[in-house]
Amino acid sequence: MHELAPWPQHLTLTDVFAEGLRLSLVWNNGDRGQFPLLWLRDHCACDQCRHPLTRERLVTPMAAVPGLDEARIEHGQLHLDWQDGHHSRFAAGWLHQRRPGEAAIDSLPRPVAWQTPFSPQHVRHADLVAGGNGEKAWITALLRDGLVLLDEGPLELEEVSRLARRIGPLKATNFGARFDVISKPNPNNAAYTSIALALHTDLPNWRQPPDMQLLYCLKNDAEGGGSIFADGIQVAEALRAANPDHFQLLAETAIDFRFQDEEHDIGVREPVIDVGTDGRIREIRFNNWIRDTLHLSADLITSWYEAYHHFWTLLHAPQHQIALDLRPGQMVAFDNRRVLHGREAFDPTTGERHLQGTYLDRDMLESRLRVLARKG
Ligand SMILES: C[N+](C)(C)CCCC[C@H](N)C(=O)O
Ligand SMILES: O=C(O)CCC(=O)C(=O)O
């Protein structure tokens with residue numbers, strides 16, 4: 001079927017009936033499904049309909065489906081002879097996975113809000129780089145919890161880039177594809193100082209902020225510098241429960257985020273909480289440094305500030321935060337569209353602190369997990 005993902009091999013078809021412009025199929029496990037003929041012709045997997053090497057569809061949209069001469073089951077699989085001379089063959093398990101009206105089966109983990117007390121999953125570096133289950137566990141935890149820790153990695157510069165490249169290309173931003181979090185002489189960003197960083201998401205001033213952030217600890221022996229995290233979904237749900245009007249205001253009111261330095265001026269107008277039509281929280285944009293002028297009507301301004309302050313207070317409430325003291329050789333990976341991160345101030349005169357970081361697209365993590373799942 002020109003499909004790399006596995007489909008159930010034990011299923012066979014036992015019956016097929018034509019009903020107008022549909023076929024009704026019955027499998028050996030008793031399941032039934034109805035398939036419009038147009039769908040079947042559009043999904044034909046022969047070499048004229050699917051490119052044998054790229055696996056991409058070659059069939060173009062049809063106004064009407066050619067008539068069917070015969071639909072039959074051979075060795076449990078479906079064979080169709082079309083009146084225009086075309087022949088299609090469908091594997092029973094492949095069709096079963098795609099029964100119209102059934103939700104598509106995707107093995108990707110759904111995001112699950114943190115429950116207090118939340119303790120993140122840890123994966124050993126050696127297990128991640130061995131591939132297989134270690135890598136699956138790491139990606140699964142990251143997609144599900146929005147945060148995962150890697151332990152016992154080597155103290156090598158660029159290890160973060162090597163790990164990221166296993167998954168996909170590093171996602172470049174105006175800070176480069178790979179960045180060093182150290183205190184710098186002429187910082188363009190609070191991260192490059194030694195001051196405390198309140199909880200934030202990175203680059204909410206981009207239409208599409210980076211999805212996943214990896215921070216690899218190489219040195220952390222200065223006094224202070226502990227890391228903090230909070231789950232934006234958990235806290236936004238807490239806000240919705242405590243004050244639905246505040247939640248609504250942050251979800252419905254777009255505000256401006258903006259970053260500027262000598263070379264850039266990157267801004268976007270979006271709400272702090274992005275809620276889907278189903279009420280699900282899809283994204284949090286929260287970064288108080290790069291919130292731009294609050295350009296709202298005078299009526300809205302005071303109530304927006306109230307709601308924002310409420311959210312800020314809940315984010316920083318001890319029950320919503322986890323504190324991590326990153327050790328050299330440890331890497332934290334988190335979903336930057338959901339989980340907020342921050343750190344305590346550190347004293348650069350007492351020792352060194354050096355993190356190397358990069359970003360990854362969520363699509364690449366999902367892709368990697370699907371590829372790993374092919375092997376079962
Ligand atoms: C991690 N790195 C230093 C590269 C970027 C940090 C970005 C955080 C910043 N306040 C902003 O969103 O613009
Ligand atoms: O220094 C840290 O621990 C976090 C740095 C940070 O918040 C950032 O790079 O955005």
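Here are some notes on this predicted model, covering its two annotated domains, its two ligand sites, one sheet and two backbone details.

1. **The annotated domains.** Two UniProt features, both from an unreviewed entry, give a way into the chain. The record places "domain: Gamma-butyrobetaine hydroxylase-like N-terminal" at residues 22-95, and "domain: TauD/TfdA-like" at residues 131-359. Over residues 22-95 the chain is 14% helix and 38% strand, with the end C-alpha atoms 14 Å apart. For residues 131-359 the figures are 26% helix and 32% strand, and there the end C-alpha atoms are separated by 20 Å.

2. **The shell around ligand 2.** You will find V181, A191, L197, H200, D202, H341, R343, R353 and L355 around this ligand. By class, that makes 4 nonpolar, 2 polar and 3 charged residues. Three strands, β10 (197-200), β20 (339-343) and β22 (353-360), each contribute at least two residues to the shell.

3. **Polar contacts of ligand 2.** Three side chains deserve a look if you are checking the pose. An N or O atom in the side chain of R353 sits 2.6 Å from an oxygen atom of ligand 2. For the side chain of R343 the corresponding distance to a ligand oxygen is 2.7 Å, and for that of H341 the value is 3.0 Å. Taken alone, ligand 2 exposes 290 Å², and the protein buries 95% of that.

4. **The shell around ligand 1.** This ligand is surrounded by F175, F179, N189, A191, Y192, D202, L203, P204, F259, N287, I290 and Y359. The class split here is 9 nonpolar, 2 polar and 1 charged. It may help to display A191 and D202 with both ligands, since these residues appear in the shell of ligand 1 and also in the shell of ligand 2.

5. **Polar contacts of ligand 1.** What does L203 offer to an oxygen atom of ligand 1? The contact comes from the backbone: an N or O atom of the L203 main chain lies 2.7 Å from that ligand oxygen. N287 instead uses its side chain, where an N or O atom is 3.1 Å from an oxygen atom of ligand 1. On its own, ligand 1 has 370 Å² of accessible area, of which the protein covers 96%.

6. **A four-stranded sheet.** Two of the strands that line ligand 2, β10 and β20, also belong to an open sheet of 4 strands in the order β10-β20-β13-β18, with antiparallel pairing. At the edges stand β10 and β18 (321-324); each has a single partner strand, so one side of each lacks a neighbour in the sheet. From one strand to the next the twist averages 20°.

7. **Inside that sheet.** Strand β13 (residues 227-231) pairs with β20 in the antiparallel sense over 5 bridges. One bridge to pick out joins I228 to its partner G342 in β20. Next to G342 in the sequence are H341 and R343, whose side chains make polar contacts with ligand 2.

8. **Two backbone details.** The peptide bond from T116 to P117 is cis, with omega near -5°. P117 belongs to the loop between α2 (92-97) and β7 (121-124). The other item is R55, which has a positive phi of about 70° although it is not a glycine. R55 is found in the loop between α1 (37-42) and β4 (68-74).

Key: Residues numbered from 1 in each chain as written. Chains lettered and ligands numbered in written order. Predicted model: local features only at pLDDT ≥ 70, side-chain atom pairs only at ≥ 80, totals over all residues. Heavy atoms only, no water. UniProt positions renumbered as here; feature names shortened; annotations may be inferred. Near = heavy atom within 4 Å. Polar contact = N/O pair within 3.5 Å; in protein donor to acceptor, adjacent residues only side chain to side chain. Areas by Shrake-Rupley, 256 points an atom, 1.4 Å probe, with all protein chains shown as cover. Nonpolar A, V, L, I, M, F, W, Y, C, P; charged D, E, K, R; others polar. Pairing = 2+ DSSP bridges. Axes fitted to C-alpha atoms, helices over the stretch in contact; angles between N-to-C directions.
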